[in-house]
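Let's take a walk through this structure together, one stop after another. Have the sequence and the 3D view ready.

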Amino acid sequence: MVNTEVGFFLCILFSWQSCTHISKSVKNRPAMRVLIVGCGLAGMATALGLVTRSRDENKNTNDDCSILLGSMEIVLIERRDTLISQGATFGLARNGQVSLQEIAPPLVLETLKNLGIHLPFTGGYMLPWWKVRDTLLETIQGTSPYKKRIKIYLGCVVEKVENLDQEDKPVRVSFAASSSTTPPSLPGSIPETQDFDVVIGADGVHSQIRTEILGLPPPVPTDAVVWRGSVDTNVVTELQHCQQYPPGKFFGFGPDIVLAYFNFHGRLPGMVAWVFSCQNATKRKIVPGTTTPLDILKEYRASLLPEKE
């Protein structure tokens with residue numbers, strides 16, 4: 001079993017590492033079945049990379065790494081029943097561009113470059129997180145051989161895993177509908193129980209694979225909360241004065257609160273992205289999904305006012 005948040009590093013390892021002393025019998029083994037939990041960037045990049053570097057039954061692919069991996073059948077599951085277009089800004093650095101060239105068709109990198117803002121001083125690109133996800137998803141669903149060898153199921157979670165300690169048997173995984181589906185029901189085409197040779201956890205900081213299957217301790221909270229968003233100052237007239245400010249301006253409200261904003265996209269004049277961070281979330285009784293930055297600023301302002309006698 002493999003547990004990794006940055007799943008495509010596994011694929012790059014296979015791409016760059018020399019694979020030697022491979023048994024001839026490996027070439028003729030049945031397709032390896034892989035379960036990837038999490039349909040974010042890590043999960044989809046891992047799926048793309050494994051298919052790219054594995055052996056294609058219809059092609060004469062005999063390099064060392066493809067022989068090592070053999071043929072692949074990949075199941076990719078996601079807890080959410082829909083993939084919504086929201087998320088933070090994503091930085092595609094130079095090493096990320098090299099990684100994409102190794103694991104995906106050239107058109108993927110070219111598409112992302114056209115969608116993003118080029119950063120001349122680093123050679124990287126800035127673009128919305130969900131744009132990267134959608135580009136990878138379109139590649140999986142619309143490009144051969146990926147659409148044939150990768151199956152994606154939404155609204156699905158791992159319920160139980162068996163045979164973890166038996167090396168001579170595949171890992172048996174039972175699936176259940178996630179709480180996000182109404183009414184709860186598994187996608188019609190996915191069997192409730194399947195056997196896999198490899199299970200990869202790419203399901204984020206609150207990973208089910210990490211805590212429930214591998215038995216590792218949960219992540220340590222930083223006691224900080226960050227909100228991110230963007231606003232079109234051409235529409236919100238009260239904020240049009242922000243267009244006159246230089247990008248990357250920071251405001252501090254005491255030692256624990258910071259507000260930063262910057263021009264989000266050079267091709268979208270007036271579009272401003274903002275980041276609001278607050279430390280000591282427990283002390284401030286911040287409730288994720290309920291507490292807003294405005295609540296924090298009102299609390300800060302109240303703390304500056306003299307107490308009424």
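Start with Lys 285, which counts as exposed because its relative accessibility is 69%, over the 50% cut-off. You will find Lys 285 in the loop between β15 and α9. Its backbone deserves a glance as well: phi of Lys 285 is near 60°, a positive value in a residue other than glycine. To put that in context, most residues other than glycine have a negative phi, and most peptide bonds are trans. Keep in mind, as we go on, that this is a predicted model.

Stay in the loop between β15 and α9, where Asn 280 also lies. Asn 280 is not a glycine, yet its phi is positive, at about 55°. Is Asn 280 buried, partly exposed or exposed? With a relative accessibility of 31%, Asn 280 counts as partly exposed, because this class covers values between 20% and 50%.

An unusual peptide bond can be found elsewhere. Ser 144 and Pro 145 are joined by a cis peptide bond, with omega at about 5°. As for its place in the chain, Pro 145 sits in the loop between α6 (129-142) and α7 (146-149).

Now step back and look at the chain as a whole. How many helices and strands does the protein chain have? There are nine helices and 15 strands. The chain has 309 residues, and 38% of them count as buried. Its accessible surface comes to about 18200 Å², with carbon and sulfur atoms making up 54% of that area. Contacts tell us about the fold too: among those with a separation of 6 or more, 65% are between residues 24 or more positions apart.

For a buried residue, go to Glu 78 in strand β3 (residues 72-78). Why does Glu 78 count as buried? Its relative accessibility is 7%, and buried means under 20%. Which residues touch Glu 78, once its neighbours within four places in sequence are left aside? Glu 78 is in contact with Gly 38, Cys 39 and Gly 40, with Leu 83, and with Tyr 153, Leu 154, Gly 155 and Cys 156.

Next come the sheets. In one open sheet, three strands are arranged in the order β8-β9-β10, with antiparallel pairing. The edges are held by β8 (156-162) and β10 (193-196); each has a single partner strand, so one side of each has no neighbour in the sheet. On average, neighbouring strands here are turned by 35° against each other, direction ignored. If you zoom in on β8 and strand β9 (residues 171-177), you can trace six bridges between these antiparallel strands. One residue to look for is Lys 160, whose bridge partner in β9 is Ser 174.

Another open sheet of three strands follows the order β4-β6-β5, and its pairing is antiparallel. Here β4 (89-92) and β5 are the edge strands, each pairing on one side only. From one strand to the next, the twist averages 25°. Between β5 and strand β6 (residues 124-128), three bridges make up the antiparallel pairing. In this pairing, Ile 117 stands opposite Met 126 in β6. Helix α4 (residues 94-103) packs on the sheet and touches β4 and β6, and its direction makes about 75° with that of β4.

Leu 119 is a good residue for following this sheet further, as it belongs to strand β5 (residues 117-119). Leaving aside its neighbours within four places in sequence, Leu 119 is in contact with Gly 124 and Met 126. Leu 119 and Leu 92 are 27 residues apart in sequence, while their C-alpha atoms are 9.8 Å apart in space.

Our last stop is a pocket. Rolling a probe the size of a water molecule over the atoms shows where empty space is left. The second largest pocket has a volume of about 350 Å³. Fifteen residues line this pocket, and those nearest its centre are Val 231, Leu 239, Leu 259, Tyr 261 and Trp 274. At least two lining residues come from each of β14 (257-263), β15 (271-278) and α9 (293-304). Which element gives the most to the lining of this pocket? That is β15, with four residues. The loop where we began, holding Lys 285, runs between this strand and α9.

Methods. Residues are numbered from 1 along each chain as its sequence is written. This is a predicted model: local features need pLDDT of at least 70, side-chain atom pairs count only at pLDDT 80 or more; totals for chains, interfaces and linings use all residues. Side-chain values use heavy atoms; hydrogens and water are left out. Two strands pair if DSSP finds at least two bridges between them. Axes are lines fitted to C-alpha atoms, for helices over the stretch in contact, and angles run from 0 to 180 degrees between N-to-C directions. Buried means under 20% relative accessible area, exposed over 50%, partly exposed in between (1.4 Å probe, protein chains only). Contact means heavy atoms within 4.5 Å. Accessible areas come from the Shrake-Rupley method with a 1.4 Å probe; for residues, only the protein chains shown count as cover. On a 1 Å grid over the protein atoms alone, a cavity is a set of points where a 1.4 Å probe fits but cannot get out, and a pocket is an open set with protein on both sides within 12 Å along at least five of seven lines; lining residues have an atom within 4 Å of a point. Grid points are joined across faces, edges and corners, and a volume is the space filled by probe spheres set on the points.
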